[in-house]
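Let's take a friendly walk through a protein model, from the overall picture down to single pairs of residues. Keep the structure open beside you as you read.

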Amino acid sequence: MEANLTEKDEKQCKNSFYVLLVWYLGEVNAAKEDSNGVYIVYMGASRLPNGAPRSDHDHLLNVLLKRKKNSVVETYSNGFLGFAARLSDEEAKSIAQRPGVVSVFRDPVLQLHTTRSWDFLKYQTALKTDSTPSSPFATTSTGADTIIGILDTGENEFGLKLRVSLMRIWVQSHHTGREKVIGARYYDDLESGTISFGTPRDESGHGTHVASTAAGRPVSGASYYGLANGTAEGGSPGSRIAMYRVCVAGGGCLGSAILKAFDDAIADGVDVLSLSLGSSPGEPDFATDPIAIGAFHAVEKGIIVVCSAGNSGPISSSVVNVAPWILTVAATTIDRDFEADIVLGGDKVIKGGGINFSGLNRSTVHPLIDGRSAQSTSNQHDEADARNCVPGSLDDGKVKGKIVICESTDENYEPNDKFDILKNQGAIGMIVIDNDERQVPSKYGTFPIAAVTEEDGATILSYINSTSNPVATILPTVMIQNYKPAPAVGYFSSRGPTFGIKNLLKPDIAAPGVAILAAWPSNDKKEALPERDPPLFDVLSGTSMACPHVSGLAATVKSQHPTWSASAIRSAIMTTAIQTNNLHAPITTNTGSIATPYDIGAGEISLTGPLQPGLVYETETINYIYFLCNMGYDANKIKSIALAFPNNFSCPSSSGSDSISNMNYPSIAISSLKASESKTVNRTVTNVGDEDSTYTAAVEIPAGLHVEVVPNKLQFSKNVKKLSFQVTFKLTAASQEDLFGSVTRLHGQMRSIKLGVHLL
């Protein structure tokens, strides 16, 4: 029997299903409590193909509750159907076989992907657009009449008191009133054993930081204890925030809560959904991924869903949240450096990094020693441990009163953990040799710690070996503005290519995610410096911070173009992205190599380009359905997912991974193309710019690849809004490396849209 049920199917199976389920539950004696776990039962679209509501969902719930009281954790009925319930493995397997059920899977625990950035983006914007007084970036009404829904750890404050909803009552002023946070929900399962706060308030700080980055109103004099001082402002300050607390501090984010938040957000009428969280890297399964499932139904309702790419970089194929209906965001640096200088004997200055508020100064120097030279005579640790300053590996007498320089090839200890021990041994300060720590500043509190690159570390070690009395001091951190080059890819930012889906390029876009200053809960004493009040703003890094930059931009575009689809907004953001840094050179990675689409997708976001993209690539629901066909999902299951299908729909016989390249996506990826072979893909663009306009194609390709665009010229008019073209790729010589290029549509001197292409 097909998974998409007609009303007649439902009536025929209802009685037999009731008997089967009651019999099964009776056989297993309602399952032993200790074998139960929370499973998510996903049933797809909320209505039948003819628009009538489905009854199989309610029927299954009623039968389950009769036999297993209090077993249901969450129910989903607004944007899609399903529920989360405590089931035994056998019960879950039985329900998975029933008509109308798309998938049944254990409730997963996902993790968080944990100012000046907006000013930097404005300076970086290279695309010229019409400048008028009504420009959204010239007024605080940016994003007006849009709601950004944020799934995170909750929200406390960034200038306005949070309205706390009790018992999940939605506090909603919607588009009226002046409240920034118009509502908040929380999702606590009291019987799960996880921490329950009974409130949407943020006990972590992560959600507050993310929310203020996306939509915080301007706050002058913002800083982290005086560092990064300036005006803090979100990307869409006129937007409202709807907060959905799906994560708890230290406890992860339950998939059942994430799905419930999606379901609620669809009913609440948000315009953008922002998720700075995700699963671990690996081959995606869109039938059991709560974010992919919820995002599909949100996009189907016209909501753009923006997600972080993950913090598992620079490992290849580590990007997550890769469903094509999601806008996936990588993280980059901005033109700000937190510099903690190291002054060696002879006044030679090494530019270290990190955030320290130590009391050391330039006038007093201290003896300098490397970890190897301070090795303890104990047999418990070897020389490698000593070089890394592993706790217990260094001799008290050798480090007392000195600054110790440590390598960082041992990943079992954080710098603060090492210095805790060194401080107890009498050490004055610590220098960490770590390229990653130097690029992405850690907070060291009042500890005199600075991070240096391997190159600078070698310079310091050479100095130590060249003199009988090496000395140094570590200065407190200062902020350096207009740092170059920027942006650069954050070392942690997850990379493509997409695991298991070679013909879909992810991430889609990049945005600032390194050392981002944003609001922080004012009662968080854990973040406070000794004898200081907790900070009102904090500095964090991660694709978690990059994601709300794009969410804020998407809300701004939506406010200016309220009729645009989610895919049109995504296309506008991707095709107007920037590929150069503030040295007018290609954006680079953390190692200095030129960044590829595997690192930054289409490039760094532009703040003005997406408002006037000229052309957009619209990806419709049916395109996503065919994508699932090409991924090999069962056609009968697929039919249960979407609200509408063509008559007599079935997956094409030619379905396969190669066909994914033909999805009308704002990038092109082709795999397994051999020398002298060619492949043609199709794209359709919609004109959202001047009615009478002509766009010509310009191709940028590496050697060994021939690309032809037909037709080369697209002419739009009042009656011609959509046009299609083909791009044919041919390898003229075999290549051992992936190839990257672009097809750009040019319109006069003012506007261009770039379609990234890559072959692997």
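The protein chain has 17 helices and 36 strands. Here helices (H or I, at least four residues) and strands (E, at least two) are DSSP runs, numbered from the N terminus. This is a predicted model, in which local features need pLDDT of at least 70 and side-chain atom pairs count only at pLDDT 80 or more, while totals for chains, interfaces and linings use all residues. Residues are numbered from 1 along each chain as its sequence is written, and side-chain values use heavy atoms, with hydrogens and water left out.

**Inside and outside**

Of the 760 residues in the protein chain, 57% are buried. Buried means under 20% relative accessible area, exposed means over 50%, and partly exposed lies in between (1.4 Å probe, protein chains only). The chain exposes about 30100 Å², and carbon and sulfur atoms supply 48% of that area. Accessible areas come from the Shrake-Rupley method with a 1.4 Å probe, and for residues only the protein chains shown count as cover.

In soluble globular proteins, nonpolar side chains tend to be buried together. A nonpolar core is a set of buried Ala, Val, Leu, Ile, Met, Phe, Trp, Tyr and Cys residues joined through side-chain atoms within 4.5 Å. The largest such core in this model has 119 residues, and those with the most contacts inside it are Ile258, Phe262, Leu273, Leu275, Val305 and Trp325. Helix H13 (residues 543–560) gives the most to this core, with 8 residues. A second, separate core of 24 residues includes Leu705, Phe725, Leu739 and Val757.

Which residues does tryptophan 325 contact, leaving aside its neighbours within four places in sequence? Among them are Phe286, Ala292, Ala295, Phe296 and Val299, as well as Arg570 and Tyr624. Contact means heavy atoms within 4.5 Å.

**Two covered helices**

Three of the residues just named, Ala292, Ala295 and Phe296, are among the buried residues of H7. Helix H7 (residues 290–300) is mostly covered, with 11 of its 11 residues buried. At its N-terminal end, aspartate 289 acts as a cap: a side-chain oxygen lies 3.0 Å from the backbone nitrogen of isoleucine 291. Just after H7, glycine 302 takes a positive phi of about 95°.

Helix H5 (residues 206–215) is also mostly covered, as 10 of its 10 residues are buried. Its buried residues include His206, His209 and Val210.

**Strands side by side**

Two strands pair if DSSP finds at least two bridges between them. An open sheet of 4 strands has the order E11-E12-E5-E14, with antiparallel pairing. Strand E11 (247–248) and strand E14 (277–278) stand at the edges with a single partner strand each, so one side of each is left without a neighbour in the sheet. Further in, strand E5 (residues 109–112) and strand E12 (residues 252–254) pair in the antiparallel sense over 2 bridges. There, leucine 110 stands opposite cysteine 253 in E12.

Later in the chain, strand E31 (residues 693–700) runs antiparallel to strand E33 (residues 713–716), and 4 bridges join them. Tyrosine 695 stands opposite leucine 714 in E33. E31 is also joined by 5 bridges to strand E35 (residues 739–747), again antiparallel. In E35, the bridge partner of alanine 698 is threonine 744.

**Charged pairs**

How many salt bridges does a search of the whole structure find? It finds 17. A salt bridge is a side-chain nitrogen of Lys or Arg within 4 Å of a carboxyl oxygen of Asp or Glu. Here are some of them.

| Pair | N to O distance |
|---|---|
| Arginine 387 and glutamate 407 | 3.4 Å |
| Glutamate 527 and lysine 443 | 3.0 Å |
| Glutamate 618 and lysine 722 | 3.2 Å |

Glutamate 618 lies in the loop between strand E28 (615–616) and helix H16 (621–630), and lysine 722 in strand E34 (residues 722–731), so the pair links distant parts of the chain, 104 residues apart. Glutamate 618 is partly exposed, with a relative accessible area of 22%, and lysine 722 counts as partly exposed at 43% relative accessibility. Salt bridges that share partners also join Arg185, Lys260, Asp264 and Asp268 into one network.

Technical notes:
A polar contact is a pair of N or O atoms within 3.5 Å; within protein, one must be able to donate a hydrogen and the other to accept it, and residues adjacent in sequence count only if both atoms are side-chain atoms.
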